[in-house]
Amino acid sequence: ARPKVVVIGGGFGGATAARELKRAGLDVTLVEANATYVACPFSNEVIAGLRPLEGQFFGYDAIRREGIELVQATATRIDAEARRVTLADGAQLSYDRLVLAPGIELRFDALPGYGEDAAEQMPHAWKAGSQTLLLRRQLEAMEDGGTVVISVPPNPYRCPPGPYERASLIAHFLKTRKPRSKLLVLDAKDTFSKQRLFEQGWKELYSNRLEWVGLAGGGQVTAVEPATRTLVTDFARHGAAVANVIPPQRAGRIAEIAGVADRSGWCPIDPVTFESRLRAGIHVIGDSAIAGGMPKSAFSANAQAKVCAAAVVDLLADKEPATPKLINTCYSLVAPGYGISVAGVYRPRNGLLADVEGAGGTSPLEAPRQTRELEAAYAEAWFRTITADVFG
Ligand code: FAD
């Protein structure tokens, strides 16, 4: 019989892996909980009222047409010994190899006061969909003059530059729609992705409107009080008109159930094959994986999926997988028509994916506005290209 691969999670990582494996001639089943995928990249634009949520929706028709068996269900159990997946309705799927790409789980146990109910008062909007719209509605309903507060978690988390792009676009919203309002960013760390570029843009576009407070300045939020939308740090209590609390995260729950997550909550992998270091026959890609220097991004998940699929094909044919080289680029918008980026190249070194020194880099600090305009256009082209590659 032809070898059978099951993929769990139909996001940027899993959907890509399923297609690559199918194109290589394997029997592929993709298990995805939702009928429609809601993409996070560009969801910060939705929050700022610059784009409809519908622009984030992607279906699975093209994937089905390729002959991939799509099962809309939640995987609830994995038996790594028997190589079997159990679904919520009790149905079971056998596999020769399993690819896990379940994204993230928000840690509702990590920040005192913040749980699933609190997220209705203080949205995280870190999984796109109803939370995205909730934050947008709260911003629209806020009185001019109110303070918006964003709480940013420590590393690692999904999309390292995401909170700062969000801060930028909310500041743009305030500047154009609620000019007497201010934005406070409370951060659990002292440095962040593309920091100098963001800070330069903030100074240029949002001075006196956006304040960022890092760990050393007392920025780490240690508790929240949802009823009054209060964020507590070791130094102060901040009342917010709108509070966006991005909690700490870990690998998607099924990773923990499968026994492939370690005590950090994330999944250690072999950087050549993305096979779990904890359970044979299970590969982990995307946000759930510990990918060394690679950030948790859609770009990374897509790149990792291609490398992992090629390795799975080789392993099933008893061939040795080639040593990969992976690329990531993350664009962020500081304002509409104002884009910045960071790029990196990664190779396996000492068991991890390490930065290739001298490769990659960020947008230039000194650049004419035209460069920022071009990068904003590249960002949109990137989103169209990757979503067509994954879902189109
Ligand atoms: P996901 O895309 O989250 O997919 C996981 C899928 O698995 C989901 O569809 C889920 O329903 C499914 N699933 C989970 N568990 C199960 C189960 N047990 N059974 C069945 N199905 C299951 N990245 C970029 O590259 N560029 C950007 O500009 C960018 N901007 C971002 C902005 C924001 C605000 C945010 C929050 C993120 C952004 N990202 C960006 C990051 C990007 O969204 C993630 O890194 C990417 O989605 C990770 O892909 P993944 O496949 O690992 O997980």
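## Exercises on a predicted model

Four bridges join strand E11 (residues 147–152) to E17, and the two strands run parallel. The model is predicted, and the exercises below start from this pair of strands.

**Exercise 1.** Find the residue of E17 that stands opposite Val-149, then decide whether the faces of E17 are covered or not.

*Solution.* Begin at Val-149: opposite this residue stands Ala-243 in E17. Next, take the two sides of E17 (residues 242–245) in turn. Val-242 and Asn-244 lie on one side, Ala-243 and Val-245 lie on the other, and all four are buried. Buried here means under 20% relative accessible area. Both faces of E17 are therefore covered, given that cut-off.

**Exercise 2.** Work out in which sense E11 pairs with E12, and over how many bridges.

*Solution.* E11 and E12 pair in the parallel sense, with six bridges between them. To place one of these bridges, pick Ser-151: its partner in E12 is Leu-186. Now look at the cover of E12 (residues 182–187): five of its six residues are buried, so the strand is mostly covered by the under 20% cut-off.

**Exercise 3.** Check the length of helix H9 against the span expected at 1.5 Å a residue, then describe its start, its cover and what follows it.

*Solution.* H9 has 19 residues, which should span 27 Å at 1.5 Å a residue. The C-alpha atoms at its ends are 27 Å apart, so the two values agree. At the start of the helix, a side-chain oxygen of Ser-297 comes to within 3.4 Å of the backbone nitrogen of Phe-299. Along H9, 14 of the 19 residues are buried, and the helix is mostly covered. After H9 comes Asp-318, with a positive phi near 60°.

**Exercise 4.** Describe the surroundings of the ligand, from its closest residues to the make-up of the shell.

*Solution.* Start with the count: 35 residues surround the ligand, and Gly-13, Glu-32, Tyr-37, Arg-158 and Asp-287 are the closest. Then go through the polar contacts made by ligand oxygen atoms:

- 2.8 Å to a polar backbone atom of Gly-13
- 2.7 Å to a side-chain N or O atom of Glu-32
- 2.6 Å to a side-chain N or O atom of Arg-158

The protein covers 92% of the 1,000 Å² of accessible area that the ligand has on its own. Elements giving two or more residues to the shell are helix H1 (12–23), strand E2 (27–32), helix H2 (43–47) and helix H9 (298–316). H9 provides the largest share, three residues. Finally, sort the shell by class: 19 residues are nonpolar, 11 polar and five charged.

Terms used: Residues are numbered from 1 along each chain as its sequence is written. This is a predicted model: local features need pLDDT of at least 70, side-chain atom pairs count only at pLDDT 80 or more; totals for chains, interfaces and linings use all residues. Side-chain values use heavy atoms; hydrogens and water are left out. A residue is near a molecule or strand if one of its heavy atoms lies within 4 Å of it. A polar contact is a pair of N or O atoms within 3.5 Å; within protein, one must be able to donate a hydrogen and the other to accept it, and residues adjacent in sequence count only if both atoms are side-chain atoms. Accessible areas come from the Shrake-Rupley method with a 1.4 Å probe; for residues, only the protein chains shown count as cover. Ala, Val, Leu, Ile, Met, Phe, Trp, Tyr, Cys and Pro count as nonpolar, Asp, Glu, Lys and Arg as charged, and the others, Gly among them, as polar. Buried means under 20% relative accessible area, exposed over 50%, partly exposed in between (1.4 Å probe, protein chains only). Two strands pair if DSSP finds at least two bridges between them. The expected span of a helix is 1.5 Å times one less than its number of residues.
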